[in-house]
Amino acid sequence: MSSTFGFIFFSFTFLFSIFSLFIYILRLKFWCNCDVCRSFLTSSWTSEFDNLCDWYTHLLRKSPTGTIHIHVLGNTITSNPENVEYMLKTQFGNFPKGKPFSTILGDLLGRGIFNVDGDSWKFQRKMASLELGSVSVRSYALIPLLSSISRKEEENGGIVDLQDVFRRFSFDNICRFSFGLDPGCLKLSMPISDFASAFDLASNLSAQRAMTASPAIWKLKRILNIGSEKKLKEAIKMVDEMAYEMINQRREAGLNDQRDLLSRFMASIDEDDKYLRDIVVSFLLAGRDTVASALTSFFYLISNYPEVERLIREESGRVMDPDCHVPSFQQMREMHYLHAAVHESMRLYPPIQFDSKFCQDDDVLPDGTFVHGGTRVTYHPYAMGRMEQVWGSDCMEFKPERWLQNGVFSPVSPFKYPVFQAGLRVCLGREMAVVEMKSVAVALIRQFDIRVSGLEQLPRFAPGLTATVRGGLPVSILERKV
């Protein structure tokens with residue numbers, strides 16, 4: 001009896017999924033024969049572009065409004081700062097993350113801060129702001145990365161994957177600050193942990209869901225537990241185990257005297273470990289992947305622009321003592337050129353290349369683009385950094401000077417530079433992230449000559465929620481004789 005019922009249930013579920021896919025295809029006009037949709041569906045864009053973000057940039061440059069439509073995805077993509085301000089500030093309430101987006105990342109991020117709206121988002125943001133605003137955070141951003149690299153330099157023949165180093169460094173940092181734990185990932189003799197590999201895989205596969213022509217496709221694969229959805233399920237299981245282990249360790253250590261983010265949440269949430277798990281995973285994603293991505297791109301650019309490297313060294317030499325390796329917070333505040341270089345690198349290579357919202361009700365963007373309610377709207381920081389109408393004719397140059405006025409750093413509108421989002425959802429950890437980047441950057445530049453192997457090839461990015469260079473960033477490292 002039970003087997004018969006199971007067969008009937010499975011058959012009904014399968015047929016219903018196929019029917020849903022058919023209806024969705026009809027509604028979206030899947031057979032859209034415009035050049036953009038045809039290129040997307042056939043992947044013919046790969047014959048000219050190594051990265052999807054570069055193809056989108058090309059399309060946005062050609063658009064008079066800086067806005068395009070990918071009809072088969074039901075997605076409006078924009079690089080227009082006025083549209084970004086409209087979405088993130090003026091009409092914030094009409095452009096939430098939305099249920100469709102939350103569903104895509106739901107298995108990985110659950111009810112974490114980056115996947116929710118409303119009261120849950122407000123609660124997590126308020127709790128995080130109390131900890132991220134504390135002075136003690138800055139000490140965690142000053143961990144001397146130099147020692148780990150120099151110890152392993154000879155063993156690796158002078159070559160090291162800098163992206164891997166930064167990912168380990170960032171993971172250790174976020175675990176110390178957010179969870180009061182030290183996983184010790186920065187020991188390069190240790191293989192990358194199973195958890196880190198599972199986290200990367202889960203991030204990549206979750207991002208790929210958003211690129212399918214219909215959500216019914218990945219939902220059907222999830223029901224059948226096949227292909228990429230089977231791999232995602234296995235990866236998330238390992239992520240869950242690690243997250244719950246962190247929660248249990250923190251609970252066993254006691255919460256009374258702890259000043260980390262997880263302890264603060266645990267003191268406010270009554271025995272809801274699933275919710276705590278979602279919070280842990282969300283802050284791991286924010287603290288590990290974004291900082292590592294930004295640092296990787298920064299040193300890729302520095303290797304291409306030795307003059308910028310020289311000016312950073314000169315500036316640090318005026319502010320820091322010769323035998324000082326890691327700058328103080330006050331010293332970093334005095335390094336305006338360094339601050340400009342960090343922001344300039346993220347203009348060209350933002351850690352989050354695009355961010356999507358869902359339009360609740362029919363709306364019209366400032367550039368005149370009509371947006372149907374229930375469809376996706378994406379603003380594209382990667383493309384925005386490459387728009388002449390936004391940054392000028394020299395937008396493709398790595399030029400920190402564009403951020404300086406009389407030698408002093410001068411910020412621009414966050415809607416022109418939405419690397420840390422903007423408006424009500426502006427990134428709470430932006431100051432911590434920039435401090436962490438500057439402390440690592442100046443420490444490495446003062447003591448080492450770092451050169452990327454294979455500079456003639458532009459970075460190729462792996463699919464994922466954050467920008468990750470496919471194959472890593474192999475560099476040669478020579479200690480400077482000062």
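Here are a few notes on the cysteines and one small sheet in this predicted model.

1. Let's start with the cysteines. A disulfide is a covalent bond between the sulfur atoms of two cysteines. The count here comes to zero disulfides. Take Cys34: its nearest cysteine sulfur belongs to Cys37 and sits 3.4 Å away. A disulfide needs the two sulfur atoms within 2.5 Å, so Cys34 is in no disulfide.

2. How exposed are Cys34 and Cys395? Cys34 has 24% relative accessibility, so it counts as partly exposed. Cys395, at 2% relative accessibility, counts as buried, because the cut-off for buried is under 20%.

3. Now the sheet. It's an open one of three strands, in the order 3-13-10, and the pairing is antiparallel. Which strands stand at the edges? Strand 3 (159-161) and strand 10 (448-452) do; each has a single partner strand, so one side of each is left without a neighbour in the sheet. On average, neighbouring strands are turned by 35° against each other, direction ignored.

4. A closer look at one pair: strand 3 and strand 13 (residues 474-479) are joined in the antiparallel sense over three bridges. Ile159 has Ser476 of strand 13 as its bridge partner. As a reminder, strands of a sheet pair through backbone hydrogen bonds.

5. Finally, the helices that pack on this sheet. Helix 9 (residues 162-179) touches strand 3, strand 10 and strand 13, and its direction makes about 50° with that of strand 3. Helix 20 (residues 430-447) also packs on the sheet, touching strand 10 and strand 13. The direction of helix 20 makes about 100° with that of strand 10.

Key. Residues are numbered from 1 along each chain as its sequence is written. This is a predicted model: local features need pLDDT of at least 70, side-chain atom pairs count only at pLDDT 80 or more; totals for chains, interfaces and linings use all residues. Side-chain values use heavy atoms; hydrogens and water are left out. Buried means under 20% relative accessible area, exposed over 50%, partly exposed in between (1.4 Å probe, protein chains only). Two strands pair if DSSP finds at least two bridges between them. Helices (H or I, at least four residues) and strands (E, at least two) are DSSP runs, numbered from the N terminus. Axes are lines fitted to C-alpha atoms, for helices over the stretch in contact, and angles run from 0 to 180 degrees between N-to-C directions. Contact means heavy atoms within 4.5 Å.
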